[in-house]
Amino acid sequence: MLIQHPGRCLWQMLAGSLVVASVGTIRTHAQANAVLYEGARIIVGDASPPLEKGAFLVQNGHIVAIGREGSVRVPLGAAHVDLTGKTVMPTMNNVHIHIGYEGYVSWSVANHTPENVLDHLEREAFFGVGTAMTMGDQPASFAIRFQQDQLAGKFPPAARFFFSAGMAPPGGGPDVLLIQGTTPLHAVYEVSTADQAIAVVRKIAAGKIGQIKFWVDNRDNTRGSLKKMPPEVYIPLIQEAHKHGLMVHAHATNLQDQKGVVKAGVDVLVHTLTAEKVDDEFLAILKQKRPYWAPVMGLGDRSELCDGDVSFIEQVLPDPVIADIRAGKTWLPSPPCSAPASPQFAQREENLKYNFPKYIAAGARIVLGTDAGVSAKYSYGFAEHHEIEMYVRLGLTTAEAIQVSTSRPIEVLRIHDTGTLAKGKRADFIVLSANPLEDIRNTRAIDRVYLYGVQVDRQALQA
């Protein structure tokens, strides 16, 4: 986009070279002729077993038939695409991300433009993500306009943009980095009383915004003794939001606050306890309430650029950014690759290994979220693949990890046209050259990505 890489401007390049269209444009310009994709292993995205040697027929951006190879009736004139030896799965859907402020080599409110937001969504699509919801960090008027423009077909192809309105205690909420963007844009509603919270919820509902995120704490000890959002504010906030049919996400990072927001009926619990272990009281609350849960854990991990084969990440990051990440020179502070693991990191790992399966066993309905967008070390698109690998490392099966990254997030997004490969759904899918059911890292073996039945030109995006 208008964010400059060394020696190129992606926005100008895309204008001349892309042959695919945005979600809205695809609706009017997608290839009308039917296309049969056959021979691949098809991972549906729900709890059903994969279809070996499957086939599916796509027309006007939708799957119109799916089954085993040879069982799908094909109309005359349909094109055939042989995917023998490949695996097909739905595109992933991310319910927690921060979009618009990162500019590859900078992080600033000055980067917050429609072009940069689109660039972030294109990076998501490049890595096989079909939808992304940015959390509490957008001015409502900007977000609504961008969403309308994307649906109207004014942008090149990208992940579909969703957003949540943000609420926080005065001066609190987003961390020390994100607040530098949200404050000048007045993106977060500040409330300190129940009446204020109720009034803001009503305003959000009147604006036809379906999602709210609130921060209980400010996460930043350098900003003084700012008060958290207390139960007497967030309980009526949640109750009022539910009266209007809104989905409520709560950022809470310690045990007491997580108990409070889940008990109060929050729909989506955000974050995983890393500094303390869950207790029986909290597990009982989880069993009773069964909230959706976005663990967003990977941002605290050591960067993958520190170890092993990093070509998957390097393909989208400029060399100066890679060097800065390895040196620990990131906007949100992180240790360099040369630094030994700290005792705090070891304790975090121990708590994650203990807590993660406890959340799941207690009934927390895990959904994919990454918190990407506040550090280049954990950025758009590749963060999803790291996050679901963590899910498997901490106890999920590969099939479960795929399900919670494809079909379950659409329950939070409240859309029904994607998330699985089934008749009537959008043809949003990834073609892989290896089987992720055997190794979750095989989601990285991306051969092609399709949005609304049209192949994303990944080569042009990467050029």
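UniProt annotations may be inferred rather than shown by experiment, and their positions are given here in the numbering used for this structure. Keep in mind, too, that this is a predicted model.

**Exercise 1. Find the span of the annotated domain and describe its make-up.**

Start with the record: the unreviewed UniProt entry puts "domain: Amidohydrolase-related" on residues 355-455. Next, turn to the coordinates. The C-alpha atoms at the two ends of that span sit 40 Å apart. Finally, check the secondary structure: 33% of the span is helix and 14% is strand.

**Exercise 2. Work out what lines the largest pocket.**

First, get the volume, which comes to about 1,200 Å³. Then look at the lining: there are 40 residues, and Leu 299, Gly 300, Asp 301, Pro 333 and Arg 348 are the closest to the pocket's centre. Now ask which element gives the largest share; that's helix H12 (residues 343-361), with six residues. Last, sort the lining by class, and you get 19 nonpolar, 12 polar and nine charged residues.

**Exercise 3. Hunt for closed cavities and describe the largest one.**

The idea behind the search is simple: rolling a probe the size of a water molecule over the atoms shows where empty space is left. Over the whole structure, two cavities of 30 Å³ or more turn up. The largest cavity holds about 60 Å³. Its lining is made of Asp 301, Arg 302, Ser 303, Glu 304, Ile 313, Lys 377, Tyr 378, Phe 382 and His 386. Split by class, that's three nonpolar, two polar and four charged residues. Notice that Asp 301 lines this cavity and also turns up among the residues closest to the centre of the largest pocket.

**Exercise 4. Decide whether Gln 211 is buried or exposed, and list what it touches.**

Locate the residue first: Gln 211 is in strand E12 (residues 211-215). Its relative accessibility is 6%, so Gln 211 counts as buried, the cut-off being under 20%. Then collect the contacts, skipping residues up to four places away in sequence: Met 133, Phe 163, Ser 164, Ala 165, Met 247, His 249, Val 412 and Leu 413.

**Exercise 5. Trace how strand E9 is covered and paired.**

Begin with burial: in E9 (residues 129-135), seven of seven residues are buried. Then check the pairing, where E8 and E9 run parallel over four bridges. For one of the partners, take Met 92, which bridges to Val 129 in E9.

**Exercise 6. Say which residues of helix H14 are buried and what covers them.**

In H14 (residues 398-406), the buried set is Thr 398, Ala 401, Ile 402, Val 404, Ser 405 and Thr 406. The cover includes strands E7, E8 and E16, plus helices H13 and H15.

Notes. Residues numbered from 1 in each chain as written. Predicted model: local features only at pLDDT ≥ 70, side-chain atom pairs only at ≥ 80, totals over all residues. Heavy atoms only, no water. 1 Å grid on protein atoms, 1.4 Å probe; cavity = no way out; pocket = protein on both sides within 12 Å on 5 of 7 lines; lining within 4 Å. Points joined across faces, edges and corners; volume = space filled by probe spheres on them. Nonpolar A, V, L, I, M, F, W, Y, C, P; charged D, E, K, R; others polar. Buried < 20%, exposed > 50% of the residue type's maximum accessible area, 1.4 Å probe, protein only. Contact = heavy atoms within 4.5 Å. Pairing = 2+ DSSP bridges.
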